[in-house]
Amino acid sequence: MTLILNILWFILGGGFLAFLLWVLLGSLLFITVIGIPFGYAAFRIAGFAAFPFGKELVDARVLGEKRITGTSLANFLWIILAGIWLAVSHVIAGISLCLTIIGIPFGFAHFRLAGVCFAPLGKKSVPK
């Protein structure tokens with residue numbers, strides 16, 4: 001069921017567009033040295049945005065990894081510069097998909113992506 005939902009999401013639910021936009025954002029962030037950590041985070045989110053069903057994003061500390069110093073400050077800057085706008089776009093897409101019964105699972109996937117937009121640094125995609 002997860003495979004079918006991921007394929008439908010990628011083709012019909014906005015997965016391809018979300019993936020493309022996150023990759024574009026990550027590529028733009030790699031232009032500056034300061035943006036490289038944000039670019040890596042954007043690429044991790046792009047993989048999650050392409051196929052979100054059967055996966056979840058968790059804090060790296062939950063997996064036993066050490067958190068890099070300054071991650072909280074970097075996430076705060078991310079929220080101000082890009083997170084709010086990305087979250088708003090995912091919420092709008094989620095609401096519009098939830099208007100139809102068939103689009104409800106895809107709308108919830110957009111809502112999950114909207115939550116990730118507020119703190120992408122220090123997150124890892126893991127199977128559920």
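W9 and F106 are both buried. In this predicted model, the two rings form a tilted pair, because their centres are 6.1 Å apart and their planes stand at 40°. The pair joins distant parts of the chain: W9 sits in helix α1 (residues 2–12), F106 in helix α5 (residues 104–116), and 97 residues separate them. The protein chain holds five helices and two strands.

**Overall build**

- From the N terminus, the order of elements is α-α-α-β-α-α-β.
- The radius of gyration of the protein chain is 14 Å, which agrees with the value near 14 Å for a compact globule of 128 residues.
- Along the principal axes, the C-alpha atoms fill a box of roughly 45 × 30 × 20 Å.
- Buried residues make up 36% of the 128 in the protein chain.
- Among contacts with a separation of 6 or more, 71% come from residues 24 or more positions apart.
- The protein chain has an accessible surface of about 7500 Å². Carbon and sulfur atoms account for 78% of that surface.

**Aromatic pairs**

- A pair of aromatic rings is described by two quantities, the distance of the centres and the angle of the planes.
- The count of aromatic pairs comes to ten.
- W9 and F106 are one of these pairs, tilted because the 40° between their planes falls neither under 30 degrees nor over 60.
- F38 and W78 make a stacked pair, because their planes are at 15° and their ring centres lie 5.9 Å apart.
- F38 belongs to helix α3 (residues 36–50) and W78 to helix α4, so this pair ties together parts that are 40 residues apart in sequence.
- F38 counts as buried, because its relative accessibility is 12%.
- W78 is buried as well, with a relative accessible area of 3%.
- Ring pairs also link W9, F53 and F106 into a cluster.

**Helix α5**

- The 13 residues of α5 should span 18 Å at 1.5 Å a residue. The end C-alpha atoms of α5 are 19 Å apart, which agrees.
- The buried residues of α5 are F106, G107, A109, H110, L113, A114 and V116.
- Viewed down the axis of α5, these buried residues fall within an arc of 165°, so they line one face of the helix.
- An α-helix has 3.6 residues a turn, so residues three or four places apart point the same way.
- The cover over the buried residues of α5 includes α1, α3, β1 (55–59) and α4.

**Helix α3**

- α3 has 15 residues and reaches 21 Å from its first C-alpha to its last. That is close to the 21 Å expected at 1.5 Å a residue.
- Its buried residues are F38, G39, A41, A42, I45, A46, F48, A49 and A50.
- These buried residues of α3 pack against the helices α1, α2 (15–29), α4 and α5. They also pack against the strands β1 and β2 (123–127).

**H90 and H110**

- H90 is found in helix α4 (residues 71–98), and H110 in helix α5.
- H90 counts as buried, because its relative accessibility is 6%.
- H110 is buried too, with a relative accessible area of 5%.
- Leaving out residues up to four places away in sequence, H90 touches A18, W22, H110, L113, A114 and C117.
- By that count, H110 touches W9, G13, G14, H90, A93, G94 and L97.
- H90 is thus listed among the contacts of H110, and H110 among those of H90.
- H110 also touches W9, a member of the ring cluster with F53 and F106.

**F10**

- F10 lies in helix α1.
- F10 is partly exposed, because its relative accessible area of 24% is between 20% and 50%.
- Apart from neighbours within four places in sequence, F10 is in contact with G15, F16, A50 and F51.
- A50, one of these contacts, is among the buried residues of α3.
- F10 and S89 are 79 residues apart in sequence. Their C-alpha atoms are 17 Å apart in space.

Notes: Residues numbered from 1 in each chain as written. Predicted model: local features only at pLDDT ≥ 70, side-chain atom pairs only at ≥ 80, totals over all residues. Heavy atoms only, no water. Helix = DSSP H or I, 4+ residues; strand = E, 2+ residues; numbered from the N terminus. Rg over C-alpha atoms; globule rule 2.2 N^0.38 Å. Buried < 20%, exposed > 50% of the residue type's maximum accessible area, 1.4 Å probe, protein only. Contact = heavy atoms within 4.5 Å. Areas by Shrake-Rupley, 256 points an atom, 1.4 Å probe, with all protein chains shown as cover. Phe/Tyr/Trp six-rings, centres within 6.5 Å; stacked < 30°, edge-to-face > 60°. Expected span 1.5 Å × (residues − 1). Arc of directions from axis to C-beta.
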